[in-house]
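Dear colleague,

Please find below the structure that I am handing over to you. My findings follow directly after it.

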Amino acid sequence: ENEKTETHDSKEDPRVFQKGRPEYRSLSYDKFEPIETLPLEEGDSILHSVAVCKGSQSPGTITDYFRKLSRLPAEQHAALVSEPRFNTLCHCAVKNIGSFSTSDLIDILKACVRLVVPPTHPLLNACENEFCRRVWDMNLDQLLLVADCWRCLERSVPSYLSILFSYANMHWKDLALPQFVQLIYIIGEGRRSPADLTPKVESMILKYLDSFTLEEVGAICLGLFKSLSGISDHVMRKIADRVSLQMEDMSTYALVNVLKMLRYARMDHLPLLKELGKVIPARIPTTNIQGIMHITLTCSSLHYFDEGVMAAVATSLPSKVTYCRSKDAAKFLWSFGCLDYEPPNEEEFYSSLIEQMHRKLHEFGKFPEHLLTGLLGLAFVKRFPEELIDYALRDEFVQKTRGSKYDLKKDLFTLGKSVEIECPSYQGSRLPPQLYQEITEMVLNFAEQEIYVRPEIVEATSLLESMLGGPEYVKSHMILPHTRSSDLEVHLAVDGHPIPFNLKDRIADKKLKDIGVSLTDDLMTQLIKGRSNSQFPVEVKNEARTPGQERGEEARTPRAGDRAALSGGALTAGARLQVEPKSGHGLEAPPPLTLNRQPRGVKLAIQVSNRNHYCYCSKRLLGLHCLKRRQLQQLGYVVVELPFWEWFPLLKRTRSEKLSYLHYKVFNPAL
């Protein structure tokens with residue numbers, strides 16, 4: 001029963017929507033269509049006739065032979081396909097390929113589907129060429145049916161699909177609802193999206209949105225997700241509006257497909273997310289592991305924390321963990337770490353996932369990103385499995401990361417430096433110093449261009465310099481470059497007076513003062529509230545990006561908010577990270593170091609936070625930033641925050657009000 005629940009049929013599951021309307025019978029191949037089984041003797045008689053006649057049969061007779069032979073018992077199909085007399089029949093069909101009527105040719109293709117003919121068979125080569133030649137003489141139902149057969153045969157037919165999409169583009173206004181949904185399904189299974197169809201797809205979705213079945217809504221979202229089709233916020237929000245009102249009536253499979261597209265579109269739709277928290281926890285125990293992974297990844301990618309959903313996942317996962325692929329295990333660890341959530345059964349939860357990562361160690365050579373994803377998720381919640389870390393930091397594994405479609409250098413950097421700080425007893429592999437230097441320079445160059453110049457940081461730096469006595473008393477930099485966000489460092493003596501330490505920036509003071517940012521009302525609104533049509537910019541990578549992102553996660557042009565991923569956002573999920581060895585032994589991180597209050601005083605690490613450091617609509621810090629603050633404390637810094645909900649509104653207030661606030665933050669002993 002468990003096997004049945006956990007089995008995901010990647011060919012049949014996406015086709016469930018076709019059972020919802022009788023019109024799909026003419027647009028798609030139905031493997032469950034009842035047929036009368038052909039007796040073995042009759043099949044042998046047909047093959048005997050083929051051998052005797054040696055290709056002299058008419059096209060109609062050849063078609064009839066294919067129809068009948070495809071009705072043989074399923075257990076006879078493999079033997080038939082390898083039978084020399086069947087190959088003779090196929091050769092006859094190829095020789096007469098241009099003589100068949102279109103309906104007969106389609107019947108031969110359907111017979112090939114039923115018989116599970118190998119996708120590279122010569123007969124299929126001939127059929128594909130002939131269908132490409134006939135496209136413009138066929139109707140749309142026939143074209144979609146043929147495309148569906150190619151999908152069932154698992155044959156890649158880019159030329160045929162290209163012609164089909166051109167045909168659909170010319171006859172777009174004539175598309176009926178079932179034809180449109182089937183076309184989107186074909187686009188998704190072909191993993192490519194014709195750019196010129198995008199605006200037409202959106203208009204058609206809006207036209208039929210209230211008429212789609214809920215399964216069709218899920219199928220459309222899955223097709224768009226698989227083909228990496230961009231979709232406007234307006235259309236995605238309309239889809240989410242409908243789903244949020246009817247989620248209770250929607251199958252979990254269709255709902256998960258909507259969540260995939262929501263994640264891909266980086267859409268924060270609060271009514272849908274709240275309804276998800278009501279509907280999905282009770283379904284988790286009967287949902288397969290991949291569905292649960294996508295639900296969890298959606299929450300973490302959108303930075304949305306719902307304890308009910310996460311606790312339900314954590315409760316169900318240990319008993320299902322052996323069904324996890326390396327990707328699934330990594331995404332679970334990432335998601336829980338990203339949201340900084342340790343469930344009530346945390347020891348059972350984490351030990352089961354770490355054990356599964358060990359079991360899947362052989363997969364990480366091919367998918368190194370999954371190992372790193374999982375280990376970073378564990379590091380966020382202060383867990384460092386020694387053997388997996390040693391494997392991930394070996395030269396051999398580092399070399400494998402260079403062959404990944406993702407740039408994994410920054411993830412190696414974050415993991416390696418975190419181990420150095422939090423695991424002083426670690427004796428395993430480490431990254432070479434030259435790699436650290438290379439990545440540090442890359443991160444700092446990005447920070448110079450994108451982070452230090454942000455208005456909220458420039459203003460805080462300038463005012464602190466004025467308040468403390470000059471640029472030598474404040475340093476705007478990354479204390480921990482591997483955590484990908486900046487700090488304002490200030491040193492105070494034991495008596496509370498500021499200590500000059502930043503002599504380098506004192507020389508550059510004049511140059512820095514040339515930087516100016518106009519704090520317009522529009523800019524302030526964006527800083528405080530986010531985009532005009534969204535409460536916060538969500539940062540997500542495909543998996544497809546992968547997750548990229550999925551992800552597989554899954555590359556696409558980032559929106560403006562994505563650039564914060566390196567600087568302020570959580571490490572992205574999309575597609576990203578995995579590992580090896582025996583489970584069990586892990587490094588215990590040392591307790592936080594007590595502040596070293598020697599005569600030299602204290603070092604402050606002032607955090608100018610933004611919304612991307614926190615879970616959506618909350619003051620719950622994301623895992624990466626919990627890790628950063630924990631490590632700053634272990635290095636002897638006192639972390640002081642200028643939270644965005646206090647500092648951003650102050651940017652529009654008077655200079656004296658801002659100075660008063662900063663004075664309180666820097667000099668109040670209680671802080």
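Helices H14 and H15 cross in a left-handed manner. In this predicted model, H14 covers residues 252-264 and H15 covers residues 270-279, and their axes come within 13 Å at a crossing angle of roughly 140 degrees. On the H14 side the residues that meet H15 are Leu 255, Val 258, Leu 259 and Leu 262. H15 brings Leu 272, Leu 273 and Leu 276 to the contact. The residues of this contact comprise seven nonpolar ones, with no polar and no charged residue.

A second pair of helices is H6, residues 102-115, and H7, residues 122-134. These two pack at an angle of about 145 degrees, and their axes are 11 Å apart. The crossing of H6 and H7 is left-handed. From H6, the contact draws on Thr 102, Leu 105, Ile 106, Ile 108, Leu 109 and Cys 112. From H7, Leu 123, Leu 124, Cys 127, Glu 130, Phe 131 and Arg 134 take part. By type, the residues of the contact of H6 with H7 are nine nonpolar, one polar and two charged.

Ile 108 also appears in the surroundings of Thr 63, a residue of helix H3 (residues 59-69). Beyond residues up to four places away in sequence, Thr 63 touches Phe 100, Asp 104, Asp 107 and Ile 108. Is Thr 63 buried or exposed? Its relative accessible area is 0%, so Thr 63 is buried.

The third pair consists of H8 and H10, the latter spanning residues 177-189. Here the packing angle is about 35 degrees and the axes lie 10 Å apart. The crossing of H8 and H10 is again described as left-handed. Leu 140, Asp 141, Leu 144, Ala 147, Asp 148 and Arg 151 of H8 meet Gln 179, Gln 182, Leu 183, Tyr 185, Ile 186 and Glu 189 of H10. The residues of this contact divide into six nonpolar, two polar and four charged.

I turn now to the nonpolar cores. The largest of them has 201 residues, and those with the most contacts inside it are Tyr 160, Phe 180 and Trp 647. Helix H8, residues 140-152, supplies the largest share of this core, namely nine residues. Where does this core lie with respect to domain 1 and domain 2? Domain 1 (10-153) and domain 2 (454-502 + 599-670) both give residues to the core, and therefore the core lies between them.

Setting aside its neighbours within four places in sequence, Trp 647 is in contact with Glu 456, Glu 459, Ala 460, Leu 463, Val 608, Leu 642, Lys 658, Tyr 661 and Leu 662. Apart from the largest core lies another core, of seven residues, including Ile 421, Ile 479, Ala 605 and Val 639.

Finally, I would draw your attention to Leu 353, which is placed in helix H19 (residues 346-359). Leu 353 has a relative accessibility of 0% and so counts as buried. Neighbours within four places in sequence aside, Leu 353 is in contact with Leu 317, Val 321, Ala 329, Phe 332 and Leu 333. One of these residues, Ala 329, is 24 residues from Leu 353 along the chain, and the C-alpha atoms of the two are separated by 6.0 Å.

With kind regards

Conventions: Residues are numbered from 1 along each chain as its sequence is written. This is a predicted model: local features need pLDDT of at least 70, side-chain atom pairs count only at pLDDT 80 or more; totals for chains, interfaces and linings use all residues. Side-chain values use heavy atoms; hydrogens and water are left out. Helices (H or I, at least four residues) and strands (E, at least two) are DSSP runs, numbered from the N terminus. Buried means under 20% relative accessible area, exposed over 50%, partly exposed in between (1.4 Å probe, protein chains only). Contact means heavy atoms within 4.5 Å. Axes are lines fitted to C-alpha atoms, for helices over the stretch in contact, and angles run from 0 to 180 degrees between N-to-C directions. A crossing is left-handed if the near helix is turned anticlockwise from the far one by less than a right angle, and right-handed if clockwise. Ala, Val, Leu, Ile, Met, Phe, Trp, Tyr, Cys and Pro count as nonpolar, Asp, Glu, Lys and Arg as charged, and the others, Gly among them, as polar. A nonpolar core is a set of buried Ala, Val, Leu, Ile, Met, Phe, Trp, Tyr and Cys residues joined through side-chain atoms within 4.5 Å. Domain bounds come from an automatic or database domain assignment.
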